[in-house]
Amino acid sequence: MTEFGFKLSQSNRIDLDETDNSVFKKVAIIVPDIKLCFNCGSCSASCTSTHFKRVSFRSAILLLNRGHNKEAISMLKSCMLCGKCILVCPRGIDTRNIIINILKAEEEMK
Amino acid sequence: MVSPSENLNLNNMYKNVLVLGGGVAGLQAASSLRDLGYRVTLVEKGEKPGGHLNNWDRLYPGNITSSSVIDGYLSNSQGIRILTNTTIKSALKSDKLLTVITSSSEEITVSAVIITTGFSLFDATIKEEYGYGLYNGVITNADLESLFISGKIHNREKPSRVGFVHCVGSRDDKVCNRHCSKICCMTAVKQACEIKEIWPETEAFCFYMDLRMFGRGYEDLYYEAQNKYGVNFIRGRVSEVGEDENGKLVVKAEDTLTSRPLKISLDMLVLMSGMVKNPDNKALSAIFETSIGEDGFFAQPHPIVNPTGSSSTRIFFAGSATGPKSVAESVNEAKSAALSVHMLLSNE
(Lines give C-alpha, C1' and ligand atoms only; values in the text may rest on other atoms or scores of the structure.)
Protein backbone atom coordinates (compact mmCIF):
# COMPACT_ATOMS: atom_id res chain seq x y z
CA MET A 1 0.00 0.00 0.00
CA THR A 2 1.23 3.46 -0.78
CA GLU A 3 1.79 5.71 2.21
CA PHE A 4 0.70 9.25 1.48
CA GLY A 5 1.97 10.65 4.74
CA PHE A 6 -1.47 11.49 6.11
CA LYS A 7 -2.54 10.50 9.58
CA LEU A 8 -5.48 11.09 11.86
CA SER A 9 -4.80 13.34 14.84
CA GLN A 10 -6.23 12.25 18.12
CA SER A 11 -8.81 14.64 19.55
CA ASN A 12 -7.59 16.81 22.35
CA ARG A 13 -11.13 17.70 23.34
CA ILE A 14 -12.63 16.95 26.72
CA ASP A 15 -15.92 15.24 25.98
CA LEU A 16 -17.82 15.05 29.24
CA ASP A 17 -20.40 12.76 27.59
CA GLU A 18 -17.76 10.06 27.02
CA THR A 19 -15.67 10.75 30.04
CA ASP A 20 -14.75 8.14 32.62
CA ASN A 21 -13.84 9.83 35.87
CA SER A 22 -14.32 6.75 38.01
CA VAL A 23 -10.78 7.06 39.42
CA PHE A 24 -11.60 10.58 40.61
CA LYS A 25 -14.87 9.42 42.15
CA LYS A 26 -13.19 6.47 43.84
CA VAL A 27 -10.52 8.67 45.41
CA ALA A 28 -13.18 11.24 46.42
CA ILE A 29 -14.82 8.61 48.61
CA ILE A 30 -11.55 7.93 50.46
CA VAL A 31 -10.28 11.55 50.51
CA PRO A 32 -13.23 13.94 49.97
CA ASP A 33 -10.75 16.86 50.03
CA ILE A 34 -10.09 16.21 46.35
CA LYS A 35 -13.32 18.08 45.54
CA LEU A 36 -12.13 21.25 47.28
CA CYS A 37 -9.40 22.36 44.88
CA PHE A 38 -10.00 25.79 43.33
CA ASN A 39 -6.97 25.66 41.07
CA CYS A 40 -4.91 28.41 42.66
CA GLY A 41 -1.65 26.72 41.64
CA SER A 42 0.16 27.02 44.98
CA CYS A 43 0.92 23.29 44.93
CA SER A 44 2.64 23.38 41.55
CA ALA A 45 4.42 26.62 42.37
CA SER A 46 6.00 25.12 45.50
CA CYS A 47 6.80 21.77 43.86
CA THR A 48 10.49 20.90 43.49
CA SER A 49 9.90 18.25 40.85
CA THR A 50 8.01 20.62 38.60
CA HIS A 51 11.30 22.37 37.73
CA PHE A 52 12.48 19.22 36.01
CA LYS A 53 9.38 17.19 35.10
CA ARG A 54 5.80 18.06 34.22
CA VAL A 55 4.40 17.53 37.70
CA SER A 56 1.34 19.46 38.79
CA PHE A 57 -1.01 18.34 41.51
CA ARG A 58 -3.79 20.74 40.61
CA SER A 59 -3.60 19.88 36.89
CA ALA A 60 -3.51 16.19 37.69
CA ILE A 61 -6.67 16.15 39.79
CA LEU A 62 -8.44 18.42 37.30
CA LEU A 63 -7.56 16.08 34.43
CA LEU A 64 -8.66 13.13 36.55
CA ASN A 65 -11.99 14.87 37.09
CA ARG A 66 -12.27 15.36 33.32
CA GLY A 67 -11.47 11.66 32.76
CA HIS A 68 -8.00 12.12 31.25
CA ASN A 69 -6.57 9.57 33.63
CA LYS A 70 -3.43 8.57 31.78
CA GLU A 71 -2.19 12.11 31.53
CA ALA A 72 -3.14 12.80 35.14
CA ILE A 73 -1.19 9.80 36.42
CA SER A 74 1.83 10.71 34.31
CA MET A 75 1.87 14.07 36.05
CA LEU A 76 2.10 12.43 39.45
CA LYS A 77 4.69 9.75 38.61
CA SER A 78 7.59 12.10 39.29
CA CYS A 79 6.19 13.26 42.62
CA MET A 80 8.69 12.61 45.44
CA LEU A 81 5.98 12.87 48.13
CA CYS A 82 7.92 15.56 49.94
CA GLY A 83 4.67 17.18 51.09
CA LYS A 84 5.55 20.84 50.46
CA CYS A 85 2.24 21.22 48.64
CA ILE A 86 0.34 20.31 51.81
CA LEU A 87 1.97 23.26 53.56
CA VAL A 88 0.96 25.81 50.95
CA CYS A 89 -2.57 24.63 50.06
CA PRO A 90 -5.02 27.34 51.20
CA ARG A 91 -7.86 24.86 51.40
CA GLY A 92 -5.84 22.51 53.59
CA ILE A 93 -6.10 19.63 51.14
CA ASP A 94 -4.15 16.53 52.14
CA THR A 95 -2.39 16.43 48.78
CA ARG A 96 0.01 13.61 49.60
CA ASN A 97 -2.79 11.35 50.76
CA ILE A 98 -4.64 12.06 47.51
CA ILE A 99 -1.60 11.34 45.35
CA ILE A 100 -0.99 8.02 47.10
CA ASN A 101 -4.65 7.07 46.71
CA ILE A 102 -4.76 8.05 43.04
CA LEU A 103 -1.74 5.86 42.29
CA LYS A 104 -3.29 3.03 44.32
CA ALA A 105 -6.67 3.32 42.62
CA GLU A 106 -4.98 3.34 39.24
CA GLU A 107 -3.02 0.19 40.18
CA GLU A 108 -6.22 -1.58 41.29
CA MET A 109 -8.10 -0.65 38.15
CA LYS A 110 -5.49 -2.08 35.83
CA MET B 1 -36.48 51.57 71.76
CA VAL B 2 -37.65 55.14 71.44
CA SER B 3 -40.95 55.37 69.64
CA PRO B 4 -40.89 57.57 66.53
CA SER B 5 -43.17 60.18 68.10
CA GLU B 6 -40.76 60.80 71.01
CA ASN B 7 -37.78 60.98 68.74
CA LEU B 8 -38.94 63.49 66.21
CA ASN B 9 -38.17 66.95 65.40
CA LEU B 10 -41.70 68.29 65.09
CA ASN B 11 -40.65 70.36 62.10
CA ASN B 12 -40.34 67.15 60.13
CA MET B 13 -44.00 66.32 60.58
CA TYR B 14 -45.11 68.41 57.67
CA LYS B 15 -42.24 67.75 55.34
CA ASN B 16 -42.94 65.44 52.47
CA VAL B 17 -40.47 63.12 50.81
CA LEU B 18 -40.96 61.16 47.63
CA VAL B 19 -39.45 57.72 47.21
CA LEU B 20 -39.37 56.60 43.63
CA GLY B 21 -39.49 52.82 43.15
CA GLY B 22 -41.02 50.22 45.44
CA GLY B 23 -38.32 47.59 45.48
CA VAL B 24 -36.43 46.66 48.61
CA ALA B 25 -34.43 49.92 48.60
CA GLY B 26 -37.58 52.01 48.20
CA LEU B 27 -39.45 50.14 50.91
CA GLN B 28 -36.56 50.52 53.34
CA ALA B 29 -36.04 54.22 52.50
CA ALA B 30 -39.76 54.92 52.92
CA SER B 31 -39.93 53.10 56.22
CA SER B 32 -36.81 54.83 57.62
CA LEU B 33 -38.13 58.27 56.61
CA ARG B 34 -41.52 57.49 58.11
CA ASP B 35 -39.76 56.53 61.36
CA LEU B 36 -37.89 59.84 61.27
CA GLY B 37 -41.22 61.67 61.12
CA TYR B 38 -41.56 62.52 57.45
CA ARG B 39 -44.63 62.13 55.33
CA VAL B 40 -43.62 59.67 52.65
CA THR B 41 -45.13 58.93 49.27
CA LEU B 42 -43.78 55.80 47.59
CA VAL B 43 -44.36 55.67 43.86
CA GLU B 44 -44.18 52.26 42.18
CA LYS B 45 -44.68 51.72 38.46
CA GLY B 46 -45.70 48.07 38.84
CA GLU B 47 -48.85 46.54 40.22
CA LYS B 48 -47.44 45.96 43.67
CA PRO B 49 -44.41 46.93 45.74
CA GLY B 50 -41.60 44.45 46.22
CA GLY B 51 -39.75 44.82 42.92
CA HIS B 52 -37.58 41.97 41.75
CA LEU B 53 -37.90 40.23 45.11
CA ASN B 54 -41.48 39.31 44.16
CA ASN B 55 -39.99 37.00 41.53
CA TRP B 56 -37.20 35.55 43.62
CA ASP B 57 -37.56 32.49 45.85
CA ARG B 58 -34.71 32.50 48.33
CA LEU B 59 -31.73 34.70 49.11
CA TYR B 60 -28.10 33.83 49.87
CA PRO B 61 -26.50 33.39 52.28
CA GLY B 62 -28.79 31.63 54.70
CA ASN B 63 -31.62 30.91 52.26
CA ILE B 64 -34.25 33.18 53.78
CA THR B 65 -37.28 33.64 51.54
CA SER B 66 -37.69 36.86 49.55
CA SER B 67 -41.37 36.89 50.45
CA SER B 68 -40.50 37.13 54.16
CA VAL B 69 -38.40 40.23 53.42
CA ILE B 70 -41.22 41.90 51.45
CA ASP B 71 -43.86 40.86 53.99
CA GLY B 72 -41.74 42.40 56.74
CA TYR B 73 -41.87 45.79 55.01
CA LEU B 74 -45.50 45.62 53.92
CA SER B 75 -46.79 44.57 57.33
CA ASN B 76 -45.11 47.67 58.73
CA SER B 77 -46.04 50.17 56.04
CA GLN B 78 -48.63 52.21 57.94
CA GLY B 79 -48.04 55.91 57.47
CA ILE B 80 -46.49 55.42 54.04
CA ARG B 81 -48.64 56.41 51.09
CA ILE B 82 -48.00 53.83 48.39
CA LEU B 83 -49.07 54.64 44.83
CA THR B 84 -48.86 51.66 42.47
CA ASN B 85 -49.15 51.65 38.67
CA THR B 86 -47.77 55.17 38.84
CA THR B 87 -44.83 56.91 37.19
CA ILE B 88 -43.44 60.44 37.30
CA LYS B 89 -44.05 62.69 34.32
CA SER B 90 -42.31 65.91 35.33
CA ALA B 91 -40.89 67.89 38.22
CA LEU B 92 -40.84 71.60 38.95
CA LYS B 93 -38.17 73.04 41.21
CA SER B 94 -38.72 76.01 43.47
CA ASP B 95 -36.52 77.30 46.30
CA LYS B 96 -36.73 74.45 48.78
CA LEU B 97 -39.43 72.35 47.22
CA LEU B 98 -40.02 70.12 44.26
CA THR B 99 -43.43 69.58 42.75
CA VAL B 100 -43.68 66.30 40.86
CA ILE B 101 -46.53 65.38 38.57
CA THR B 102 -47.49 61.73 38.38
CA SER B 103 -48.90 59.72 35.49
CA SER B 104 -52.35 60.17 37.05
CA SER B 105 -51.80 63.96 36.95
CA GLU B 106 -51.49 64.27 40.71
CA GLU B 107 -49.20 67.03 41.96
CA ILE B 108 -47.06 66.08 44.93
CA THR B 109 -44.93 68.74 46.59
CA VAL B 110 -41.93 67.36 48.43
CA SER B 111 -38.74 68.57 50.09
CA ALA B 112 -36.60 65.71 48.80
CA VAL B 113 -36.67 62.70 46.50
CA ILE B 114 -34.92 59.35 46.87
CA ILE B 115 -34.54 57.53 43.56
CA THR B 116 -34.69 53.78 44.14
CA THR B 117 -35.57 52.65 40.63
CA GLY B 118 -33.23 49.68 40.67
CA PHE B 119 -32.16 47.62 37.68
CA SER B 120 -33.56 45.54 34.85
CA LEU B 121 -32.68 41.95 34.26
CA PHE B 122 -30.65 41.43 31.08
CA ASP B 123 -32.74 40.07 28.21
CA ALA B 124 -31.06 36.71 27.54
CA THR B 125 -32.49 36.41 24.02
CA ILE B 126 -29.90 39.01 22.98
CA LYS B 127 -27.17 36.40 23.51
CA GLU B 128 -28.49 34.32 20.62
CA GLU B 129 -25.66 31.79 20.83
CA TYR B 130 -27.10 30.52 24.14
CA GLY B 131 -30.43 29.61 22.55
CA TYR B 132 -32.74 31.19 25.10
CA GLY B 133 -36.23 31.17 23.60
CA LEU B 134 -35.10 28.61 21.03
CA TYR B 135 -34.47 25.51 23.13
CA ASN B 136 -36.83 24.41 25.87
CA GLY B 137 -34.00 23.37 28.15
CA VAL B 138 -32.45 26.83 28.27
CA ILE B 139 -33.90 29.01 31.04
CA THR B 140 -32.69 32.03 33.03
CA ASN B 141 -31.90 32.47 36.72
CA ALA B 142 -35.24 34.32 37.07
CA ASP B 143 -37.13 31.48 35.34
CA LEU B 144 -35.60 28.99 37.76
CA GLU B 145 -36.61 31.14 40.73
CA SER B 146 -40.19 31.23 39.36
CA LEU B 147 -40.12 27.44 39.10
CA PHE B 148 -38.98 27.28 42.73
CA ILE B 149 -41.70 29.72 43.91
CA SER B 150 -44.53 27.97 42.08
CA GLY B 151 -43.22 24.51 42.97
CA LYS B 152 -43.38 23.61 39.27
CA ILE B 153 -39.75 22.52 39.42
CA HIS B 154 -41.04 19.28 40.95
CA ASN B 155 -43.22 18.63 37.89
CA ARG B 156 -40.18 18.53 35.67
CA GLU B 157 -38.51 15.30 34.76
CA LYS B 158 -35.35 14.74 36.75
CA PRO B 159 -32.47 16.10 34.68
CA SER B 160 -29.31 14.05 34.65
CA ARG B 161 -27.12 17.11 34.08
CA VAL B 162 -27.74 20.81 34.63
CA GLY B 163 -25.40 23.65 33.61
CA PHE B 164 -25.17 27.20 34.89
CA VAL B 165 -23.67 29.96 32.74
CA HIS B 166 -22.23 32.87 34.69
CA CYS B 167 -21.89 36.40 33.25
CA VAL B 168 -24.78 36.36 30.75
CA GLY B 169 -25.01 39.96 29.62
CA SER B 170 -22.36 40.99 32.15
CA ARG B 171 -18.67 41.64 31.45
CA ASP B 172 -19.62 41.67 27.80
CA ASP B 173 -18.77 44.67 25.65
CA LYS B 174 -20.63 43.09 22.74
CA VAL B 175 -23.92 43.80 24.51
CA CYS B 176 -22.66 47.13 25.90
CA ASN B 177 -22.36 45.87 29.48
CA ARG B 178 -18.77 45.96 30.61
CA HIS B 179 -19.70 45.82 34.27
CA CYS B 180 -19.86 42.82 36.59
CA SER B 181 -23.37 42.26 37.94
CA LYS B 182 -21.90 41.29 41.28
CA ILE B 183 -24.60 38.88 42.48
CA CYS B 184 -24.75 36.22 39.74
CA CYS B 185 -21.80 34.15 41.00
CA MET B 186 -23.55 33.56 44.31
CA THR B 187 -26.91 33.07 42.61
CA ALA B 188 -25.50 30.40 40.30
CA VAL B 189 -23.84 28.55 43.14
CA LYS B 190 -26.95 28.88 45.32
CA GLN B 191 -29.18 27.59 42.53
CA ALA B 192 -26.79 24.71 41.77
CA CYS B 193 -27.00 23.69 45.44
CA GLU B 194 -30.81 23.99 45.35
CA ILE B 195 -30.97 21.75 42.27
CA LYS B 196 -28.76 19.21 44.09
CA GLU B 197 -31.11 19.42 47.09
CA ILE B 198 -34.07 18.51 44.88
CA TRP B 199 -32.25 15.90 42.78
CA PRO B 200 -29.12 14.68 44.60
CA GLU B 201 -28.11 12.43 41.70
CA THR B 202 -28.22 15.22 39.13
CA GLU B 203 -24.80 16.51 38.14
CA ALA B 204 -24.36 20.28 38.21
CA PHE B 205 -21.78 22.27 36.22
CA CYS B 206 -20.98 25.96 36.67
CA PHE B 207 -19.27 27.69 33.74
CA TYR B 208 -17.50 30.77 35.03
CA MET B 209 -14.83 33.27 33.99
CA ASP B 210 -13.92 34.31 37.52
CA LEU B 211 -15.73 33.36 40.67
CA ARG B 212 -16.34 36.54 42.66
CA MET B 213 -17.49 35.20 46.01
CA PHE B 214 -16.55 38.39 47.81
CA GLY B 215 -18.88 38.75 50.78
CA ARG B 216 -19.22 37.20 54.18
CA GLY B 217 -20.66 33.72 53.85
CA TYR B 218 -20.25 33.63 50.08
CA GLU B 219 -17.01 31.69 50.03
CA ASP B 220 -18.68 29.25 52.43
CA LEU B 221 -21.41 28.83 49.84
CA TYR B 222 -18.75 27.93 47.25
CA TYR B 223 -17.05 25.57 49.70
CA GLU B 224 -20.36 23.88 50.47
CA ALA B 225 -21.17 23.56 46.74
CA GLN B 226 -17.89 21.70 46.22
CA ASN B 227 -17.72 19.77 49.45
CA LYS B 228 -21.32 18.86 50.23
CA TYR B 229 -23.00 18.93 46.83
CA GLY B 230 -20.10 18.04 44.51
CA VAL B 231 -20.95 20.83 42.06
CA ASN B 232 -18.45 20.86 39.17
CA PHE B 233 -16.77 24.13 38.27
CA ILE B 234 -15.44 24.72 34.78
CA ARG B 235 -13.51 27.91 34.14
CA GLY B 236 -14.50 28.99 30.67
CA ARG B 237 -17.21 30.98 29.02
CA VAL B 238 -19.79 28.93 27.13
CA SER B 239 -19.27 29.76 23.47
CA GLU B 240 -22.31 28.12 21.93
CA VAL B 241 -25.29 25.96 22.69
CA GLY B 242 -26.99 23.60 20.26
CA GLU B 243 -29.56 20.85 20.48
CA ASP B 244 -29.11 17.25 19.34
CA GLU B 245 -31.73 14.95 17.80
CA ASN B 246 -32.80 13.75 21.27
CA GLY B 247 -33.47 17.26 22.52
CA LYS B 248 -30.32 17.34 24.65
CA LEU B 249 -28.45 20.61 24.82
CA VAL B 250 -24.92 20.39 23.48
CA VAL B 251 -22.73 22.96 25.18
CA LYS B 252 -19.25 24.00 24.09
CA ALA B 253 -16.72 25.89 26.12
CA GLU B 254 -13.01 25.93 26.72
CA ASP B 255 -11.88 24.29 29.91
CA THR B 256 -9.30 27.03 30.37
CA LEU B 257 -7.59 25.35 33.32
CA THR B 258 -6.64 22.40 31.16
CA SER B 259 -6.45 24.56 27.99
CA ARG B 260 -8.69 22.21 26.10
CA PRO B 261 -11.97 22.53 24.26
CA LEU B 262 -14.80 20.88 26.12
CA LYS B 263 -18.15 19.49 25.09
CA ILE B 264 -21.00 18.36 27.31
CA SER B 265 -24.64 17.36 26.79
CA LEU B 266 -27.08 18.77 29.32
CA ASP B 267 -30.81 18.53 30.04
CA MET B 268 -31.12 22.03 31.45
CA LEU B 269 -29.01 25.14 31.12
CA VAL B 270 -29.57 28.10 33.43
CA LEU B 271 -28.33 31.49 32.20
CA MET B 272 -27.30 34.00 34.86
CA SER B 273 -28.89 37.11 33.37
CA GLY B 274 -27.10 40.10 34.81
CA MET B 275 -28.28 43.42 36.19
CA VAL B 276 -28.51 46.19 33.63
CA LYS B 277 -29.73 49.77 33.79
CA ASN B 278 -33.39 50.50 34.23
CA PRO B 279 -34.58 51.82 30.82
CA ASP B 280 -36.39 54.67 32.62
CA ASN B 281 -33.12 56.12 33.94
CA LYS B 282 -32.52 58.49 31.04
CA ALA B 283 -35.95 60.12 31.25
CA LEU B 284 -35.84 60.29 35.05
CA SER B 285 -32.39 61.79 34.97
CA ALA B 286 -33.67 64.55 32.69
CA ILE B 287 -36.68 65.19 34.96
CA PHE B 288 -34.63 65.39 38.15
CA GLU B 289 -31.50 66.97 36.63
CA THR B 290 -29.16 64.21 37.74
CA SER B 291 -26.53 62.49 35.64
CA ILE B 292 -26.09 58.97 34.39
CA GLY B 293 -22.88 57.07 33.72
CA GLU B 294 -21.70 55.38 30.54
CA ASP B 295 -23.24 52.15 31.79
CA GLY B 296 -26.68 53.79 32.01
CA PHE B 297 -26.92 53.63 35.80
CA PHE B 298 -27.32 56.88 37.78
CA ALA B 299 -23.96 58.50 38.57
CA GLN B 300 -23.02 59.96 41.93
CA PRO B 301 -20.55 62.88 41.95
CA HIS B 302 -18.82 61.39 45.02
CA PRO B 303 -19.43 57.64 44.95
CA ILE B 304 -16.89 56.87 47.68
CA VAL B 305 -17.69 59.41 50.39
CA ASN B 306 -21.28 60.16 49.44
CA PRO B 307 -22.70 57.15 47.59
CA THR B 308 -26.32 58.26 48.00
CA GLY B 309 -25.84 61.87 46.87
CA SER B 310 -26.64 63.17 43.39
CA SER B 311 -25.63 66.37 41.61
CA SER B 312 -28.95 67.92 42.74
CA THR B 313 -29.23 68.97 46.39
CA ARG B 314 -32.66 67.44 47.00
CA ILE B 315 -32.25 64.25 44.98
CA PHE B 316 -30.73 61.13 46.51
CA PHE B 317 -30.11 57.58 45.33
CA ALA B 318 -30.33 54.20 47.00
CA GLY B 319 -29.97 50.62 45.83
CA SER B 320 -29.10 49.35 42.39
CA ALA B 321 -30.18 52.55 40.63
CA THR B 322 -26.46 53.37 40.91
CA GLY B 323 -25.16 49.96 39.87
CA PRO B 324 -25.60 46.29 40.72
CA LYS B 325 -26.11 45.61 44.43
CA SER B 326 -27.26 42.83 46.69
CA VAL B 327 -30.41 43.11 48.80
CA ALA B 328 -28.36 43.75 51.94
CA GLU B 329 -26.40 46.52 50.27
CA SER B 330 -29.59 48.12 48.95
CA VAL B 331 -31.11 48.08 52.42
CA ASN B 332 -28.00 49.75 53.84
CA GLU B 333 -27.98 52.43 51.17
CA ALA B 334 -31.67 53.11 51.71
CA LYS B 335 -31.03 53.75 55.40
CA SER B 336 -28.06 55.93 54.50
CA ALA B 337 -30.09 57.93 51.96
CA ALA B 338 -32.90 58.45 54.49
CA LEU B 339 -30.35 59.80 56.95
CA SER B 340 -28.92 62.12 54.30
CA VAL B 341 -32.41 63.46 53.61
CA HIS B 342 -32.89 63.95 57.34
CA MET B 343 -29.58 65.81 57.71
CA LEU B 344 -30.57 68.14 54.88
CA LEU B 345 -34.15 68.79 55.96
CA SER B 346 -33.77 68.97 59.73
CA ASN B 347 -31.40 71.93 59.31
CA GLU B 348 -33.83 73.93 57.22
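A cavity is a set of grid points, over the protein atoms alone, where a 1.4 Å probe fits but cannot get out. This definition was applied to a predicted model. The predictor assigns the complex an ipTM of 0.89 and a pTM of 0.93. For chain B the mean pLDDT is 95, with 96% of the residues of chain B at 70 or more.

Three cavities of 30 Å³ or more were counted. The largest cavity has a volume of about 170 Å³. Its lining consists of 17 residues, and those closest to the centre are Cys47(A), Val55(A), Cys79(A), Cys85(A) and Ile99(A). Two elements of chain A, α2 (42-46) and α6 (95-109), give two or more residues to this lining. Sorted by class, the lining of the largest cavity comprises 11 nonpolar residues, five polar residues and one charged residue.

The second largest cavity has a volume of about 100 Å³. A total of 14 residues line the second largest cavity, and Cys37(A), Cys40(A), Cys43(A), Cys89(A) and Ile93(A) lie nearest its centre. At least two lining residues each come from α2 and α3 (57-65) of chain A. The classes represented in the lining of the second largest cavity are nonpolar, with eight residues, polar, with four, and charged, with two. Helix α2 of chain A thus appears among the elements that line the largest cavity and also among those that line the second largest cavity.

Technical notes:
Residues numbered from 1 in each chain as written. Chains lettered and ligands numbered in written order. Predicted model: local features only at pLDDT ≥ 70, side-chain atom pairs only at ≥ 80, totals over all residues. Heavy atoms only, no water. 1 Å grid on protein atoms, 1.4 Å probe; cavity = no way out; pocket = protein on both sides within 12 Å on 5 of 7 lines; lining within 4 Å. Points joined across faces, edges and corners; volume = space filled by probe spheres on them. Helix = DSSP H or I, 4+ residues; strand = E, 2+ residues; numbered from the N terminus. Nonpolar A, V, L, I, M, F, W, Y, C, P; charged D, E, K, R; others polar. pLDDT = per-residue confidence, 0-100.
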